[in-house]
Amino acid sequence: DYFYGIPSALQQGGARVFVAQVSAAESTEVRGEQLLAQVRQVLALTGAGKVNLIGHSHGGPTSRYVAGVAPSLVASVTSVGGVNRGSRVADILRGVLPPGTLSEAVVNGAIQGFVALINLGSGGGGLPQQPVAALNSLTTAGLADFNRRFPQALPSGCGSGAELGNGVRYFSWTGTQPVTNLLDVSDGSLGALSLVFGEANDGLVSACSSRLGRHLGDYGQNHLDEVNQVLGLRNWFATDPVTLYRQHARRLQQLGL
Ligand code: CA
């Protein structure tokens, strides 16, 4: 249920949808190998030649890893609120920012929000969890290292990158509104986290960090709204997160992917 109501919406539209289970808190490489194994299973099960990968948050780099090591198995990678250049929140948690620049309350809020996010995603019982390894992958330095090895589709600035890399199409979208619905218990944490950025962000990832391939837009969503969480509580006056996934599935279909 991580992508709340989204797989069923895509299935109603005729798509074949498989929800991957990877460690919520692990390095990009460990998560990527877990995802690659599931991609091979799906291809064997369906007889399809390639998959379209849609990843949220750390799922962006995780999908990029699979496309990087096995491009022949991947038609497209779509990064939603993806941590493609690292997260300032991860930097703070890892302690790489100069001390004294942020109040203790903000840092505590950041830690609680990060833990809440990991708990939300940790549906995969039995999988290894290494929060420090996850954190190291999600810092600005961690992503700089990853991006040197997997540079496909990254923009040089804050716009779109190349849509095609190694035969794989790349897309992204993100939210840029940290607080969207006061009925949602996660909005307080994301609102507190947003204060550490000093630039457009969704509460955990900056707008610029989210860019990958053809950037499809910035929406009135926070980091959890991007997967229609918690339980569909989002900005009622902004685009429905589920609609974006439906539209994107049609886009991929029209491109023959
Ligand atoms: Ca929400």
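User: How many salt bridges does the structure hold?
Analyst: This is a predicted model, and its salt bridges include the one between the side chains of E163 and R169, at 2.8 Å from N to O. Another of them joins R234 to D240, with the closest N and O atoms 3.6 Å apart. In total, the number of salt bridges in the structure is six.

User: By about how much of a helix are R149 and D145 separated?
Analyst: The side chains of R149 and D145 meet in a salt bridge of 2.9 Å, N to O. Both residues belong to helix α7 and stand four residues apart. Their separation is therefore about one helical turn.

User: Is R234 buried or exposed?
Analyst: R234 forms a salt bridge with D240. A residue counts as buried when its relative accessible area is under 20%. For R234 this area is 13%, so the residue is buried.

User: Which residues are joined into one network by salt bridges that share partners?
Analyst: One salt bridge joins R234 and D240. Salt bridges that share partners form one network, and its members are E29, D145 and R149.

User: Which residues coordinate the calcium ion?
Analyst: The donors follow the spacing D-x40-D-x3-Q-x3-L along the chain. The two aspartates contribute OD atoms, whereas the glutamine and the leucine each contribute O, at 2.2 to 2.5 Å. The coordinating residues are D184, D225, Q229 and L233.

User: Is D225 buried or exposed?
Analyst: D225 is one of the residues that coordinate the calcium ion. Q229, also a donor residue, has a relative accessible area of 4% and is buried. The relative accessibility of D225 is 0%, so this residue counts as buried.

User: Where in the chain does C208 lie?
Analyst: The structure holds one disulfide, which joins C158 to C208 with an S to S distance of 2.0 Å. The pair links distant parts of the chain, 50 residues apart. C158 is in the loop between α7 and β3, while C208 lies in helix α9.

User: What is the handedness of the disulfide of C158 and C208?
Analyst: The torsion about the S-S bond of C158 and C208 is about -105 degrees. The disulfide is therefore left-handed.

User: Is the pair of Y2 and F3 stacked or edge-to-face?
Analyst: The count of aromatic pairs comes to five. In the pair of Y2 and F3, the ring centres are 5.3 Å apart and the planes stand at 65 degrees. Planes over 60 degrees apart count as edge-to-face, so the pair of Y2 and F3 is edge-to-face.

Note on methods. Residues numbered from 1 in each chain as written. Predicted model: local features only at pLDDT ≥ 70, side-chain atom pairs only at ≥ 80, totals over all residues. Heavy atoms only, no water. Donors = N, O, S within 2.8 Å, 3.2 Å for Na, K, Ca; no water. Buried < 20%, exposed > 50% of the residue type's maximum accessible area, 1.4 Å probe, protein only. Phe/Tyr/Trp six-rings, centres within 6.5 Å; stacked < 30°, edge-to-face > 60°. Disulfide = S-S within 2.5 Å. Helix = DSSP H or I, 4+ residues; strand = E, 2+ residues; numbered from the N terminus. Salt bridge = Lys/Arg side-chain N within 4 Å of Asp/Glu carboxyl O.
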